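Please look through the structure below slowly, and keep it in view while you read the paragraphs that follow.

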Amino acid sequence: MPHKIALYPGDGIGPEVIAEAKKVLETLSLDISFTTFEWNTTLYAKTGRCAPEDFIDQLKPYDAILLGALGNKANAPEHLAVDPLLSIRKAFDQYVNVRPSINYPGIEIPLKERKPLAIDMVVIRENTEGEYTNLGGRHYAGMPQEAAMQISYFTRHGIERIARYAFETARKRPRKELVSITKSNALKYSMVFWDEVVAGIAKNYPDVKLTSQYVDAAAMNMVRFPEMFDVVVSSNLFGDILTDISAVVTGGIGFAGSGNLNPSRAFPSMFEPVHGSAPDIAGKGIANPIAAIMSSAMMCDFLGEKQAAKKIENAVVAHLTEGTVRTPDRGGSNSTVDVGNDIVKRLK
Ligand SMILES: NC(=O)c1ccc[n+]([C@@H]2O[C@H](COP(=O)([O-])OP(=O)(O)OC[C@H]3O[C@@H](n4cnc5c(N)ncnc54)[C@H](O)[C@@H]3O)[C@@H](O)[C@H]2O)c1
């Protein structure tokens, strides 16, 4: 059976980078079929919706979704544009968000004295609950006593399963270290609960060294000593913020791929670059496609195509190390297509 992939390029540079990821996947001898869904803010301008009403049902039969980026505030309100992404994560119970950050050779990073590959961390972010639940409300609109309430919602089930996934990830890596991100000194209910549940799961993983850091200290440490981190597990909001730091210290969001996983495989998982739709450079053909290509490698790995995943990663590393073909964000003058072609050439 071929792997059925739903391509969801989205807005701005999304279609440009997804085209290169598709080209890379097509170079490998994989049994794979693609269906492209043109859902974006242009559709909103025509229909008042950024995706059709039944978009979750349409995506359900696929093995995986490869998404570009959503959003263009010139065409649609931001919250409506990004809503399909959040709905997919919830509807398909993609409770694990995986974001690896490695300083590959050939990428300039802010901490210039760090040797290539000195930083190699993966952040496992809870993706379905915590601070990003749609619970809360606005009251007394426009009045002096106007109030807003946004509820964080943590469940034992939710924390246990993300902690288990993080421990399993750490167990497979040479260092076998896990840092749990908390703020239990200030958030006396949610984060104290988080710490307790993570500690409970730790009992099943005596081979993994668990430590804990407050989110503010972790933010500082990721900037100062990013090599300190091996695997990191965090709530939704904390992970969202920390992964921008982990991406930047390893070269920027143009390189960072990610996966939204449903490890049970009951529903499709989704892979996407960490960056957004970059309206400032959209249509110029200069977006860096590496994050999208690395996301496609993560997709291959999740689908069991381990060899293909490794081949893509090796080709990207060779491309970066040689460094002759570079988009403007890397100080070069090459196009998105040039980068895709160079990686394809290395795969052949
Ligand atoms: N997952 C998503 O779909 C997602 C994530 C973040 C932002 N967004 C949306 O994207 C739009 C723009 O948001 P933003 O400007 O805050 O973030 P952004 O990631 O789109 O852009 C930030 C900066 O990084 C640059 N950049 C991003 N990706 C790049 C790439 N691949 N190559 C070279 N340069 C790149 C952009 O040119 C811009 O200067 C908004 O509508 C936002 O809501 C979507």
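Helices and strands are runs assigned by DSSP, with at least four residues for a helix and at least two for a strand, and they are numbered from the N terminus. With that in mind, and remembering that this is a predicted model, we can place L117 in the loop between strand 4 and strand 5, the latter covering residues 120-126. L117 is not a glycine, and yet its phi is positive, at about 70°. Most residues other than glycine have a negative phi. A second case is K176, whose phi is also positive, near 55°, in a residue other than glycine; K176 belongs to the loop between helix 5 and strand 8, a strand that spans 177-182.

We can now step back to the domains. The domain assignment gives domain 1, made of residues 1-94 + 253-348, and domain 2, made of residues 120-249. The centres of domain 1 and domain 2, taken over C-alpha atoms, are separated by 25 Å. In the contact between them, domain 1 takes part with 10 residues and domain 2 with nine residues.

How much area is buried between domain 1 and domain 2? The value is about 750 Å², and carbon and sulfur atoms give 49% of this area. On the side of domain 1, the residues R89, K90 and D93 supply 46% of the area that this domain buries against domain 2, which is more than any other three residues supply.

The interface also holds polar pairings, and here it helps to go from the counts to a single example. Across the interface of domain 1 and domain 2 there are four residue pairs in polar contact, with both residues at pLDDT 80 or more. Helix 4 (78-91) and strand 11 (257-261) each supply at least two residues of the side of domain 1 that touches domain 2. Sorted by class, that side of domain 1 has five nonpolar, two polar and three charged residues.

A search of the whole structure finds 22 salt bridges, while the count between domain 1 and domain 2 is one salt bridge. In the salt bridge formed by the side chains of R161 and D93, the distance from N to O is 2.8 Å. Because R161 lies in helix 5 (residues 156-171) and D93 in the loop between helix 4 and strand 4 (96-102), the pair ties together parts that are 68 residues apart in sequence.

Finally, turn to the ligand. Which residues come nearest among the 21 around the ligand? They are L70, E78, G276, A278 and N288. For A278, a backbone N or O atom lies 2.7 Å from an oxygen atom of the ligand. Side chains also approach nitrogen atoms of the ligand: an N or O atom in the side chain of E272 is 3.3 Å from a nitrogen atom of the ligand, and a polar side-chain atom of H275 lies 3.3 Å from a nitrogen atom of the ligand.

Key: Residues are numbered from 1 along each chain as its sequence is written. Side-chain values use heavy atoms; hydrogens and water are left out. Domain bounds come from an automatic or database domain assignment. Contact means heavy atoms within 4.5 Å. Buried area is the accessible area (1.4 Å probe) that two parts lose on being put together, summed over both. A salt bridge is a side-chain nitrogen of Lys or Arg within 4 Å of a carboxyl oxygen of Asp or Glu. A polar contact is a pair of N or O atoms within 3.5 Å; within protein, one must be able to donate a hydrogen and the other to accept it, and residues adjacent in sequence count only if both atoms are side-chain atoms. Ala, Val, Leu, Ile, Met, Phe, Trp, Tyr, Cys and Pro count as nonpolar, Asp, Glu, Lys and Arg as charged, and the others, Gly among them, as polar. A residue is near a molecule or strand if one of its heavy atoms lies within 4 Å of it.
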